[in-house]
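Here's a quick tour of a protein chain, with a look at how some of its helices pack. Have the structure open and follow along.

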Amino acid sequence: MSAHGILILFLVFFILKLGWGTGLSLLNLGHVHAHGMRVPPAFVGVVDEATYARSVSYTQTRGRFAVLSAGVSSIALLAVVLSGLFGIIEQAVRLLPIGSYLQGVALVGAVSLLFWIISLPFSLYATFGIEARFGFNRTTPKLYLFDTLKGFAVSAVIGIPVLLGLFWFMDRTGAYWWIWAFAAMTLFQLVMGILAPLVIAPLFNKFTPLPDGELKESILDLARRLDFRTRGIFVADSSKRSGHSNAYFTGLSRAKRIVLFDTLVSSHTKEEILAVLAHEIGHEKRNHVTKGIVLSALLSLAGFWVMSLLLPYLPLYEAFGFRAVSYAAMVVLVAFCSGPVLFFLQPLFSLWSRKHEYEADRFAVQSVGSARGMKEALLRLSRDNLSNLTPHPLYSFFYYSHPTLAERIAALDRAEAQLVKG
Ligand SMILES: [Zn+2]
């Protein structure tokens, strides 16, 4: 296929993605608007009118903004591709008096910086405009700046050696470089899985052990009962950035740290927190985490294989404005131009993730013996986060990693009914 043909194929995917993505968002906004006048029947009595009205307004504001920012970033990508800017950056980087691997790092870095600058105004407005207006934002311009600088430093410290390593594998390990690179990358990710919570996460948040008391005792008791080994329960000071709340586990080995957002601890009852943790433990016990690691390894192996096939193919580079075959240009193509194609895999990932969420919810009901804690936790999270209670079914089918609140509550009730029967 010629460079011209490849460009046209890219444009077809690009237009399909932009059209389909925008269409879904507008469909969703229309659905929210149509149900926005009064609290949906399933939530009468649990969500008051004022909260519902605020959630509708928050969903609409964010939805419109998402359409705008997706449109602008798509057009920016198109402009970069069609203007030949990639080739100009490539030529400029060649002039640097450094080795070819480092020139490659500079190319990837410059393109990353370019797209980061394009997205910056949107990120600023989302945080200090929208999130602030709805009372979620707690971050200050100063904290935002420090987060950004730390993010850059972490990306450089991790990204530069990874890129250099990748270039080396592409360069030196022959036709099967993609298998070697895949093996090295997988090993690196496993090491990072262990190191990140210990080294990187503390750069951004303070983690304090949950103080002794009833909550801690109950959590340890739950973990013992479910045979879940933990290496401590920590509270993260996430409230310094945002009012949104959550809980998660870190660590790859069999013993994990439990991390609770301080916003979760302060706003939820003990029964709710235990149900949320039982749900998270459910993800472990049902092997969702292991399956996720295996899936992502298989996908990255496939990705490396495809890269190895495309690597020597000059028309591909020319289609996007590059002048020559290079390792770094291949990385740029994968990182910044594969989106319109990969976008259409999204519903598969959403489906797979939602299946696991249902399983973890069922596990939580079985573990704590009732659906009440989980239901109340979900309702409170939904109220506190102003979640959209009436997404369009096609929109949630395509994007949602979790079932909608109404779907989850119905499934929790079914799980509880089964428990009583069994
Ligand atoms: Zn989950």
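What follows covers the model and its confidence, the overall build, and three helix pairs.

## How far to trust it

This is a predicted model, so start with the confidence scores. The protein chain averages a pLDDT of 94, and 99% of the residues score at least 70.

Where does confidence bottom out, and where does it peak? The lowest spot is strand S3 (residues 247-250), with a mean of 74, while helix H17 (residues 393-399) comes out highest at 98. Where pLDDT is low, the predicted coordinates shouldn't be read in detail.

## Overall build

The secondary structure adds up to 18 helices and four strands. The radius of gyration is 24 Å, close to the 22 Å that the globule rule gives for 422 residues, so the chain is as compact as a globular protein of that length. Along its principal axes, the C-alpha trace spans about 65 × 50 × 45 Å.

## H3 against H4

Take helix H3 (residues 85-94) and helix H4 (residues 100-133): their axes come within 9 Å and cross at roughly 140 degrees. That angle makes H3 oblique to H4, since the roughly antiparallel label is kept for angles over 145 degrees. The crossing of H3 with H4 is right-handed.

Which residues do the touching? H3 brings Ile89, Glu90, Val93 and Arg94, and H4 answers with Gln103, Ala106, Leu107, Ala110 and Val111. Sorted by class, this contact of H3 with H4 has six nonpolar, one polar and two charged residues.

## H8 against H10

Next up are helix H8 (residues 214-225) and helix H10 (residues 270-285), whose axes come within 10 Å and cross at roughly 30 degrees. H8 and H10 are therefore roughly parallel to each other, and H8 passes H10 in a right-handed crossing.

On the H8 side you'll find Glu214, Leu215, Ser218, Ile219 and Leu222, which meet Lys270, Ile273, Leu274, Leu277 and Ala278 in H10. The residues of this contact of H8 with H10 split into seven nonpolar, one polar and two charged.

## H15 against H18

Last comes the pairing of helix H15 (residues 346-368) with helix H18 (residues 405-421). Their axes come within 9 Å, crossing at roughly 40 degrees. H15 and H18 are therefore oblique to each other, because roughly parallel is reserved for angles under 35 degrees. The crossing of H15 and H18 is right-handed.

What sits in the contact? From H15 come Tyr358, Asp361, Arg362, Val365 and Gln366, and they meet Arg408, Ala411, Leu412, Ala415, Glu416 and Leu419 in H18. By class, the contact of H15 with H18 has six nonpolar, one polar and four charged residues.

Key: Residues numbered from 1 in each chain as written. Predicted model: local features only at pLDDT ≥ 70, side-chain atom pairs only at ≥ 80, totals over all residues. Axes fitted to C-alpha atoms, helices over the stretch in contact; angles between N-to-C directions. Helix = DSSP H or I, 4+ residues; strand = E, 2+ residues; numbered from the N terminus. Parallel < 35°, antiparallel > 145°, perpendicular 65-115°, else oblique. Left-handed = near helix turned anticlockwise from the far one by under 90°. Contact = placed C-beta atoms within 7 Å. Nonpolar A, V, L, I, M, F, W, Y, C, P; charged D, E, K, R; others polar. pLDDT = per-residue confidence, 0-100. Rg over C-alpha atoms; globule rule 2.2 N^0.38 Å.
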